Structure formats: C-alpha cells, structure tokens
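Start with the whole fold, then move to the backbone details. Keep the structure open while reading.

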Amino acid sequence: MLALIIVCIVATWLLCASVCIGAGGLLLRGLGFSFSALDAFWTGVALITGVLQVYHFFRAIDLGAVFLLAGLGVGGWIWNRAALLQKWRERENAGLAATLMLMAAGIIAFRCAALGEHYDTGLYGAQAVRWFITYPLVPGLGNLLAQLGFNSSVFLWFAALNQGPWRSLVHHLFDGFIIAALFATILPGGLRVLRAERPFPIDWFCTLLFVPATIWATTSKIVGTNTDLPTGVVCVVAAAFLFRALGGESSQQGTSASDARPIDLVIAMALFSLAATFKISSAVFALLGWGVAVTKLWSLRRGTASGKRQIVWAVILSAAIVLPWVGRGLVLTGYPFFPSTALAIPVDWKVPALETQQQADFARSFARVPDLTYEYAHGWKWLRPWFRQLVREREGFLIPLFFALAGGGAGIIRRRRQNRDSLPQWLWMLAPVLGGLIFWFLEAPAMRFGEPVMWTAGATMGTFAAVHFLNTPGRIRLALAGLLLLTAWAAHPRLFWGSYFRPSVGVRTFLRLPTAKWTPHQTSSGLTVNVPVETNQCWDAPLPCSPYFRGTLRLREPGKVERGFASGESSTVVK
C-alpha cells in the first residue's frame, strides 16, 4: 500500500508540473522567448499564484479554479509542445537526468506519506486552507486569529490542490512538490560537475544547493502546510536564475549566453516577487534581488524596442503577483504588510493597531529565542542564547558559513597574487544577501527565516572558491565526496533513520491530520467561536476556530460569515 501511496503522490506532482509548464510556456512564448521546460515551470508557478490570488477575491478556491488552471496548461502545451520536446531532445544525458529525478521524487514522496504533525499546520495552516476553499477572501480574518492575517499565498496552492480525491489530504502534496522541483532545477548542474568537464559557475552554485535540498526533503516539516520550505525553495531558485544571468551562462544546449540572460532575469524577477508573497520575512532579500535583476535587464535590453517591451512586461508580471497580494493583506487585516501597521486603511475590519503591534513584537521575540520571556528577548540580552542556538545549526548556518569563508579565502589569495582580472558579475548576488541578512537579524532572526539568504551567500562564495581551486577532475571529485560527507553530517547520522524515514515505513493508508477537541464559546455579540481544548491547535475543528478567544469579536453583518469579522475597535463600515 505504501508503494501505491508513493505512486499517487508522484503522479499528482507530474500532473501539476505539466500544468505549470503549460501555463508558463504561454507567457514566455507570448514574450518572444525561447525557453526550456524548467523555465516554463517556474514561470508557471509564479503565474498560477497570481491567478489564484485574483480568483480568490471573487470565489472560493474550488474546482472552477482548477479547471481554469488546467485550461491554461493545456493551451500552453498545444502551443509549445514541439518546441519543448525539441529542447528536451537537445539536452545532454536527458534519460539519466529523468531517471535520477524520478528516483529523487520517489524518495521525497516516501517522506511525504508520513503523519503530519507540523505545529503551525495545526495552529493556523489547516484552518487557512479550509477558509480558502469555503469562502471567497474574508475581510478581517486576522481579527479571528492573527496568524491568518500573515497573508501567505502558499495556502492558495494547498487550497487548489485540496480538491477531489485529495480533499483533506493535501498536506502530503505541495511542500514535497516544490522541493522535488528544486531537485529538478539543480540536478543538471550537478551532473555537469560530476563529469568534471570544466563546469560553469552556475553548475557549482546548483551543486552546493544539494545540501539544503536534501535536508529540506527529509525533514518532518515537509508533511503539513509549511510556508517556510516553499519560501526557501523559491528564494534559492530565484537566486540561481539571477546568478546564471549575471554569469552570462546558458543551461541549454544550442542556446547562446546572450539569449539566455534576459529570460533568466525575467524569471528571477517573477520568483523574487513570488517569494515575498509566500512569506513577508523574505521581502527585503526579494526586493533587493529583484532590483539587481531589473537593473541588469535594463542594461541589456534598453537599446531595442523589443527589449524595452520585454522589460515592461517583466515589471507587469511582477506587479501582477505582488499587487493582488497587497490587496489581499488589506482585506485580511486592513494592513498591506501585516503585522506592520504601516499604510493602514480606515475600514471596520481593520485589526486594532495595538493588537497588530503586539503581534509584531511577539513574532520578533519568538524568532529571537522562543524559550525566553517576552521582556528578556528585547534589548540585547537575547544575543548570547540566540548565538548558542545558531552555532548548533549545521545545515542552516555552519555549512554555508564554511562555503562563504572558503570564498573569502579565494578572494584573499587572488588579491595576493595580484590578479587584476575583473571580479565576476555574479558577486553582485552579495548585495541582496547583505540587505537580507541585516533585515533578518534585526526583525526575525529565526534560522528558518534566514536559511535561503544564508545559502545564497554560501553557494555564491562557495562557487567563487570552486572556480579558483577546483580546476582538475581529481580535485572536483574530491570536493564532491566532501560535499556528500557534509550533507551526511548535516543530517545528524545518528538520528537519520529514526527521525527522517522511520515515520513513513509503517504507513498503509493516506493519513489525515490529527483531530482536535474543542468547545464553543460565545462573544458579546453572540458569535460562536470554537476554541481548542488542551492545546492551541485547531486542526480540523469547525470554522470559525481560534485558540485565542476574544470577547469583542463580531461579524460585520450578523449571520454572514463571508462578510468578515471586526474587533472591538472599529471605523466606518465598508459595504
């Protein structure tokens, strides 16, 4: 039965990937680009997110949304099937790459078959998905539970997949799907490095990402409605597209570097925009990365009319992803960037400013040191216990730090040898890294929020070291052996089987999320809110549910949940 579960998961992923490739191909073909399946896939992921955001303003995420997306996918395949198949035939070792990819997908699906116990899934993730498939976007949902106002577009993907036979089982799907797509992205570069035939810098960049990809694929957090993993994947893939464009390298046989740069930059812009909508903690890194991409695209394409048109459409694509997300934030909480109180609008569903600020303070405190009191985590007292935790993070901190130091050593040696060659343009990747790290440290220095920035830095500087030191096949193969050892060390070998794979071994059926015990409570307005018992996780409790009961909560219009919620403080009613 476990084998059948794995087959069902992988088959669903392949179907979803086909839809993404078709939808992305429509857009890229319309912009006049020559593209690969991976280019179309990641463009499709961004485009579909934008479509779902707009759709949810008017309807619940239902089968209508699924049919709409499927129609885009089919249309894209009809238009581009010949070109996509030709690109595939031109790839080196296409059969080997496909075989390895299916093997990786099978292992990831095996891990995804386990029981979902991800904490935030029970707290608010599973509930967010049920809100999205039950109602169009509900105003003031952040008044019911602040975490529902965090406005992650990841939940729209879960809602779209939570249809038909996957109803109530979607926690087995999306995180594994996006991580499998990461493996598909880095695998070609890894194979070129393995052949040790003068790999491009982008090949090294992708190969070094094998470490976080492996750990993310085996963690228990892959089962659930996790928003950190998809955000991390989208950030590092966006960085990879930007890196390749800055390096002027093509990943496709028969495609010149000059042709590859613009499309890579357009996709990087779309993915950086997508990352911000997945999780607001990535916004500064994403914004700066987007800025580098658009600046490079302008320098390349401003000289021709077609180039200027591509720049305009690239900006429009990013706006089509970000602006609906901003609008969703305003509807959910009255703020575009909740839990920031900036740019609030005067509506009756706005979460009270005091509660919003308290949520921001709590999130910052929890990200610094979860086990300390709220007061202790402010000022600078938190630095010592935070740093003690940081240096224990093998995959998230120590290994990318090692790669970064290796790159720094390469730079020092280069300078001492008085090498006057200009530095590679892809070192501009460090600009968004620096801004992202500063924002991460000051606002929410939890390791899970900083991993994609850390790994962008580590992969960039590690590539700089590889280009300078690993110039023979023997050295390359020795380095790959060391990378495998580092990956094994990051996985904590003593815990590897028990923590990562044993939970899936005994699975004999599709496992649903845990059930919740709850009791109904009434607010002063007569609204019934279900409150979980003995825990703060709602899991499958009936809507509306909140572990933090507020007596002042009310419906904006009595008896109409879809019209939204308001709290104690209110302003002009918006019809």
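Helices here are DSSP runs of H or I with at least four residues, strands are runs of E with at least two, and both are numbered from the N terminus. By that count, this predicted model holds 21 helices and four strands.

Take the overall dimensions next. The C-alpha trace spans about 75 × 55 × 55 Å along its principal axes. Does the radius of gyration agree with a compact globule or depart from one? It agrees, because a compact globule of 575 residues would come near 25 Å and the protein has 24 Å.

Now look at the packing. Of the 575 residues, 55% count as buried. Consider contacts with a sequence separation of 6 or more: residues 24 or more positions apart account for 72% of them.

Then the surface. The protein exposes about 24500 Å². Carbon and sulfur atoms supply 65% of that area. As for charge, there are 49 positive and 28 negative charges. The mean positions of the two sets are 5 Å apart.

Turn to the backbone. Most residues other than glycine have a negative phi, and most peptide bonds are trans. A few places in this chain go the other way, and each can be found in a loop.

Which bonds are cis? One joins F338 and P339, with omega about 15 degrees. P339 sits in the loop between helix 14 (305-333) and helix 15 (353-368). Another cis bond runs from L543 to P544, where omega is near -5 degrees. Here the flanking elements are strands: P544 is in the loop between strand 2 (528-532) and strand 3 (554-555).

Next, the sign of phi. N151 is not a glycine, yet its phi is positive, about 60 degrees. N151 belongs to the loop between helix 6 (141-144) and helix 7 (154-161). Is N151 buried or exposed? Its relative accessible area is 6%. The cut-off for buried is under 20%, so N151 is buried.

Follow the chain past helix 7, to the loop that leads to helix 8 (174-195). S168 lies there. S168 also has a positive phi, about 70 degrees, and is not a glycine. How does its accessibility rate? S168 has 38% relative accessibility. Partly exposed covers values between the buried limit of 20% and the exposed limit of 50%, so S168 counts as partly exposed.

Set the two side by side. Both N151 and S168 have a positive phi. N151 is buried, whereas S168 is partly exposed.

Definitions and conventions:
Residues numbered from 1 in each chain as written. Predicted model: local features only at pLDDT ≥ 70, side-chain atom pairs only at ≥ 80, totals over all residues. Heavy atoms only, no water. Buried < 20%, exposed > 50% of the residue type's maximum accessible area, 1.4 Å probe, protein only. Rg over C-alpha atoms; globule rule 2.2 N^0.38 Å. Contact = heavy atoms within 4.5 Å. Areas by Shrake-Rupley, 256 points an atom, 1.4 Å probe, with all protein chains shown as cover. Lys, Arg positive; Asp, Glu negative; His and termini not counted. Charge placed at Lys NZ, Arg CZ, Asp CG, Glu CD.
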